[in-house]
Amino acid sequence: MKFFGTDGIRGKADNFPFDDNTVSLIGYVLAQTLDKNGKGILIGRDTRQSGKRILQALTKGINAAGIKVTDLGILPTPAVAYLLKNNDYQAGIVISASHNPYTDNGIKFFSSKGTKLPDDTEAELEKNLVKYIEEKKVLKTDLEIKNISSSESENLVKQYEDFLVSLLPENSLKDKTIAIDCANGASYKIAPKVLKRLKANVVVINANPDGKNINLNCGALHPEAVAEVVKENKCFCGFAFDGDADRVICIDEKGTVRDGDYFLGVVSKYLKDTGKLNNNTLVITVMANLGLVKFAEAEKINLVVSKVGDRYVYEDLIKHNAVLGGEQSGHIIFRNLLDTGDGQISALQMLNILTKENKNFSSLCGKINKYPQILINEKVAQKIPLGKLPETSKVIKNIEEKLGTDGRVLVRYSGTENLLRVMLEGQNKEEIKFFAQEIVKTAKEEITAMYNV
């Protein structure tokens, strides 16, 4: 029985472990495990229809352990991290499944300092939760839910909003038209408000959540929607957030989608040129495009390559005393501002660069030449370690030799599903597509044969 994945607990909202009693036990175990200093636990959520029910169940469990809850309402994940870092609370929870469909949900955990919980704390939570489940523990149902006053919650939300506005000079976006796609998610109120306070003309799409339309053909997973809006309205640029607004995909003034690789290239060069790229180091993940790697080498920017996942990016930022890192998916960490990814911080930092450089977004991306990339996610019977698949390993090695320094092969399993992820980059798209399919075919046949023995 394993609950914690790469970012808290996630699964189908109507299934175990998101039934009411298990969720209450999760809140109870968290509150029991924490240091009792502070004013209680902050909880924010995105717009999924299951969010309110999970909030109530969590609150019941937390209250049962003698801890109060501050219900922040619908708010981006990184807002909770920011408020923890700048106020006196014991921990934070975000009820969100990020970019997943509304049928899923998740519980993300933050320490009192606004960072993800360390592995040893998660292990302790997991151990205690399993114990209570095996004991079939049921919490009392007549406990009074003790949320802090709405006025205090409003003050906290305003604190985060003011922080975002402070990142750019007053009126710096005057006369600039900016398009944003809020993914019918957690940013639907605050993102337009922040940009309007900075005097931008804002064109907003997908900001009418109904509990079921979060991430539905919109947001960071479908940036082409806001790209069309940028072109139609001749916007300065555009941004597409995901459901909990911890990441963003950018759109240049021509309506071209610019993912996290372009973002990291543009920002790292700007920070290096202005003497703000600490240790001249950029943290990327193994999924970063080879074009970004070549760009960084040409600009003499040191690269640290992390495992996939923002917690690993953050760990390497700390280890190498760097200030900028992120993922192709648009999850970017500005460690001098916050210890987790924040789509709105990222958007505002890019707007700051564009206004100060007085250049078009497309021109700043001009020297970043991304390589064609093929990614195949294939269901497999079992996640057999790749080192124990001799035929697959042989095929991978042969393809790596054929691609040489002008290509790259990455084969790994999903951390949460029985999925084999095969990613190839190279100069010839048809060639790498053929190679990727060859790896998938060989691996699937070999895994099936071993699984059925």
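1. In this predicted model, Thr 340 touches Pro 78, Ala 81, Phe 110, Lys 116, Asp 310, His 331, Ile 332 and Ile 333, when residues up to four places away in sequence are not counted. Thr 340 itself sits in the loop that runs between β15 (332-334) and α11 (343-357), and with a relative accessibility of 6% it counts as buried, since the cut-off for that class is under 20% relative accessible area.

2. One of the contacts of Thr 340 is Asp 310, which leads to helix α10 (residues 310-319), where Asp 310 is among the buried residues, together with Arg 311, Val 313, Tyr 314, Asp 316 and Leu 317. An α-helix has 3.6 residues a turn, so residues three or four places apart point the same way. The partners against which the buried residues of α10 pack are β1 (4-5), α4 (119-134), β12 (281-285), β13 (302-306), β14 (324-326) and β15. After α10 comes Asn 321, a residue with a positive phi near 50 degrees.

3. Which other backbone values deserve a check, beginning with Ser 98 and its phi? Ser 98 is not a glycine, yet its phi is positive at about 55 degrees; the residue is placed in the loop between β5 (91-95) and β6 (104-110), and at 5% relative accessibility it counts as buried. Asn 280, likewise a residue other than glycine, has a positive phi near 50 degrees. Its place is in the loop between α8 (260-273) and β12, and there Asn 280 is partly exposed, with a relative accessible area of 23%.

4. A cis peptide bond joins Phe 16 to Pro 17, with omega near 10 degrees. Pro 17 belongs to the loop between β2 (8-12) and α1 (20-33).

5. On the aromatic side chains, the structure holds seven aromatic pairs. In one of them, Tyr 82 and Phe 163 are stacked, with 4.3 Å from centre to centre and 15 degrees between the planes. This pair links distant parts of the chain, given that Tyr 82 is in helix α3 (residues 77-85) and Phe 163 in helix α5 (residues 150-165), 81 residues apart. Tyr 82 counts as buried at 10% relative accessibility, and Phe 163 is buried as well, with a relative accessible area of 11%. Together with Tyr 160, these two residues form one aromatic cluster.

6. Leu 167 lies in the loop between α5 and β7 (177-181), and its relative accessibility of 15% places it among the buried residues. Leaving aside residues up to four places away in sequence, Leu 167 touches Leu 337, Ile 345, Leu 348 and Gln 349. From Leu 167 to Asn 352 the C-alpha to C-alpha distance is 8.1 Å, although these two residues are 185 apart in sequence.

7. For Gln 437, which lies in helix α14 (residues 429-451), is the class buried or partly exposed? At 42% relative accessibility, Gln 437 counts as partly exposed. Its C-alpha atom is separated by 9.6 Å from that of Ile 374, a residue 63 places away along the chain.

8. Turning to the protein as a whole, it has 14 helices and 18 strands. The radius of gyration is 23 Å, close to the 22 Å that the globule rule gives for 453 residues, so the protein is as compact as a globular protein of that length. Along the principal axes, the C-alpha trace spans about 65 × 65 × 40 Å.

9. Buried residues account for 57% of the 453 residues, and among the contacts between residues at least 6 apart in sequence, 71% join residues that are at least 24 apart. The exposed area of the protein is about 19800 Å², of which carbon and sulfur atoms supply 47%.

10. How far apart are the mean positions of the positive and negative charges? For the 61 positive and 58 negative charges of the protein, these mean positions are 2 Å apart.

How values were computed:
Residues numbered from 1 in each chain as written. Predicted model: local features only at pLDDT ≥ 70, side-chain atom pairs only at ≥ 80, totals over all residues. Heavy atoms only, no water. Helix = DSSP H or I, 4+ residues; strand = E, 2+ residues; numbered from the N terminus. Rg over C-alpha atoms; globule rule 2.2 N^0.38 Å. Buried < 20%, exposed > 50% of the residue type's maximum accessible area, 1.4 Å probe, protein only. Contact = heavy atoms within 4.5 Å. Areas by Shrake-Rupley, 256 points an atom, 1.4 Å probe, with all protein chains shown as cover. Lys, Arg positive; Asp, Glu negative; His and termini not counted. Charge placed at Lys NZ, Arg CZ, Asp CG, Glu CD. Phe/Tyr/Trp six-rings, centres within 6.5 Å; stacked < 30°, edge-to-face > 60°.
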